[in-house]
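Me: I would like to learn how to read the features of a model one at a time. Could you take me through the one shown here?

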Amino acid sequence: MPGLAARNLSLGGRKQLAVDLTRVLPLYGFILDAYIIEFFTDCLWEKLPSSWQEVLDGLTPPQISTMLLEMPSAGEEIRYRSVWPLTLLALKATARALAFTRTPECLGPSEFQENPSQSSRLAAQFRKHVKPKKQHEIRRLGELVKKLSDLTGCNQVVDVGSGQGHLTRFLALGLGLSVTGIEMDRRLVERAQHLDQELLSTLKKEERRKPRIIPAISHRPPNHVVSWVDPAALSQDLLSPLTSEAAQAPARRLLLTGLHACGDLSVTILQHFACCPEAVALASVGCCYMKLTTPGGYPLSRWVSGLQGHSLPYKFREGACHALEEYAERLRGGGPTLRTHCYRAALETVYSARAAAGGTRPWAAPGPGFPALLHGTGTSGSGILQPSAAVGTISGDTNPPGSAAFPPGTRLPRRTSPCLQA
């Protein structure tokens with residue numbers, strides 16, 4: 001939930017926040033350590049206190065978004081239609097008080113105000129093949145890396161986990177830095193090299209047409225290397241792929257960066273930075289924090305690891321990586337998305353029963369009534385426990401419309417019996 005917990009806190013304040021979180025999280029493990037697809041198999045609804053069930057059971061999905069998540073639509077007020085138990089109100093208040101803020105402190109004009117798919121602050125040449133979110137990210141991180149490089153006198157930027165090279169291209173061809181991208185997937189490296197040549201051709205054509213308007217930027221493309229950054233082999237292992245002129249210089253000064261360094265890759269970058277004397281600057285933006293391994297990746301802080309109750313199971317960590325705004329939007333919209341969650345949770349009971357019997361899946365692949373969600377995308381994501389929409393949409397029918405993937409005769413759970421025993 002939106003909150004003010006992390007804003008303008010001193011080190012002591014942040015430590016107190018960590019202590020408070022480790023005290024609160026274990027109290028609500030029955031909610032946090034769960035996936036929406038386990039709604040029936042693990043009887044998630046019955047795990048809620050009966051007083052919570054009474055007030056949540058009659059709410060529509062939009063009402064849940066407004067009253068439980070405190071994310072009303074524009075102009076909407078939060079109006080309780082019944083008396084809520086103090087324990088549920090305390091959870092809401094605690095979550096709001098301890099949550100990290102998601103609102104920037106300084107909001108200027110949006111760079112996507114004129115066109116939602118084109119950043120007005122990034123040159124058109126660097127927007128090609130790049131989604132709006134990534135356009136914003138490479139511009140912000142690129143400008144930060146440029147300033148940091150100038151301040152520290154770096155002569156080489158190393159982009160770890162460079163992927164298709166969107167950031168490396170902007171750093172090299174947009175900001176004039178000497179850049180090496182390290183990526184373990186050869187196909188992504190080949191794609192990055194192709195896009196480099198495509199951009200170089202575009203830049204040269206524009207300079208010939210508008211020599212006075214287009215600024216003179218070095219046409220030295222980034223160096224792309226197929227390599228795996230081994231967390232067990234620090235320092236020299238990271239430097240070995242560097243083959244540019246800067247890498248051969250007697251006094252190398254490296255800036256390590258990574259955009260969306262997934263899971264333990266962020267930890268590995270930090271470890272290389274700490275162990276490599278030639279790495280003098282670091283600018284890393286991590287992602288997929290739920291993939292941090294334990295021990296080793298989480299927690300990185302020795303102080304946090306000494307707190308009682310600091311352990312966060314995988315489902316805790318994954319749930320924390322989801323955007324609450326997206327769930328609120330789904331609840332406000334209702335309809336097919338929520339029905340899909342329900343069907344997938346019901347389908348899990350069939351999988352579980354089949355596995356318990358020592359068998360395999362009763363069919364090769366989901367039928368046409370199920371979207372791509374059932375083919376492996378998003379099936380393990382955590383979700384909001386909202387019984388009215390999740391259970392009430394199927395009403396105990398046998399093979400309701402859109403459930404072509406269920407075998408003939410499969411009975412889905414009724415509204416009055418939210419826990420389906422395998």
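Reply: Start with accessibility: buried means under 20% relative accessible area, exposed means over 50%, and partly exposed is what lies in between. The model is predicted. Glutamine 118 has 30% relative accessibility, so this residue counts as partly exposed.

Me: Where does glutamine 118 lie, and what is in contact with glutamine 118 beyond its neighbours within four places in sequence?

Reply: Glutamine 118 belongs to the loop between α6 and α7. With neighbours within four places left aside, its contacts are Glu111, Phe112, Arg127 and Gln135. The contact with arginine 127 is also polar, side chain to side chain, at 2.5 Å. Lysine 128 is 10 residues from glutamine 118 in sequence, and their C-alpha atoms are 9.3 Å apart.

Me: How many helices and strands does the protein have, and what percentage of its residues is buried?

Reply: There are 17 helices and 5 strands. Of the 422 residues, 42% are buried. Among contacts between residues at least 6 apart in sequence, 69% join residues at least 24 apart.

Me: Take α7 as a single helix. What span does α7 reach from its first C-alpha to its last, and which of its residues are buried?

Reply: The expected span of a helix is 1.5 Å times one less than its number of residues. Helix α7 covers residues 132–152, 21 in number, and reaches 30 Å, close to the 30 Å expected. Its buried residues are Gln135, Glu137, Ile138, Arg139, Leu141, Gly142, Val145, Ser149 and Thr152. Among the elements that cover them are β1 (156–160), α8 (166–174), β4 (254–262) and β5 (279–287). Just after α7, glycine 153 has a positive phi of about 70 degrees.

Me: Which residues have a positive phi although they are not glycine?

Reply: Histidine 260 is one of them, at about 65 degrees. This histidine is found in strand β4 and is partly exposed, with a relative accessible area of 28%. Cysteine 288 is another, with a phi of about 50 degrees. Cysteine 288 sits in the loop between β5 and α13 (302–305), and its 24% relative accessibility makes it partly exposed.

Me: How many aromatic pairs are found in the whole structure, and how is a pair described?

Reply: The search finds 4 aromatic pairs. In tyrosine 28 and phenylalanine 30, the ring centres are 6.5 Å apart and the planes meet at 45 degrees, so this pair is tilted. Phenylalanine 39 and phenylalanine 40 form an edge-to-face pair, with 5.2 Å from centre to centre and 85 degrees between the planes. In general, a pair of aromatic rings is described by the distance of the centres and the angle of the planes.

Me: Are these four rings buried or partly exposed?

Reply: Tyrosine 28 is buried, at 16% relative accessibility, whereas phenylalanine 30 is partly exposed, at 27%. Phenylalanine 39 is buried, with 2%, and phenylalanine 40 is buried, with 0%. Tyr28 and Phe30 also join Trp52 in one aromatic cluster.

Me: What does tryptophan 52 contact, leaving aside its neighbours within four places in sequence?

Reply: Tryptophan 52 is in contact with Tyr28, Phe30, Ile31, Pro85, Thr87, Leu88 and Leu91.

Me: How many residues does the largest nonpolar core have, and which element gives the largest share?

Reply: That core has 29 residues; Phe39, Trp52, Leu56, Leu68, Leu69, Trp84 and Leu88 have the most contacts inside it. Elements that each supply at least two of its residues include α3 (44–47), α4 (50–56), α5 (61–68), α6 (86–98), α15 (324–333) and α16 (336–356). The largest share, 4 residues, is from α16. A second, separate core has 22 residues, including Val157, Ala172, Val179 and Leu203.

Me: Which charged end sits over the ring of tyrosine 35?

Reply: The charged end of lysine 315 does, 5.1 Å from the ring centre.

Me: One last residue: where is histidine 224, and is histidine 224 buried or exposed?

Reply: Histidine 224 lies in strand β3 (residues 223–226) and is buried, with 11% relative accessibility. Not counting residues up to four places away in sequence, histidine 224 touches Gly165, Thr168, Gly181, Val189, Ala192, Gln193 and Asp196. With aspartate 196 there is a polar contact between the two side chains, at 2.6 Å.

Conventions. Residues are numbered from 1 along each chain as its sequence is written. This is a predicted model: local features need pLDDT of at least 70, side-chain atom pairs count only at pLDDT 80 or more; totals for chains, interfaces and linings use all residues. Side-chain values use heavy atoms; hydrogens and water are left out. Rings of Phe, Tyr and Trp (its six-membered ring) pair if their centres lie within 6.5 Å; planes under 30 degrees apart count as stacked, over 60 as edge-to-face and the rest as tilted. Buried means under 20% relative accessible area, exposed over 50%, partly exposed in between (1.4 Å probe, protein chains only). A charge sits over a ring if NZ of Lys or CZ of Arg is within 6 Å of the ring centre and within 35 degrees of the ring normal. A polar contact is a pair of N or O atoms within 3.5 Å; within protein, one must be able to donate a hydrogen and the other to accept it, and residues adjacent in sequence count only if both atoms are side-chain atoms. Contact means heavy atoms within 4.5 Å. A nonpolar core is a set of buried Ala, Val, Leu, Ile, Met, Phe, Trp, Tyr and Cys residues joined through side-chain atoms within 4.5 Å.
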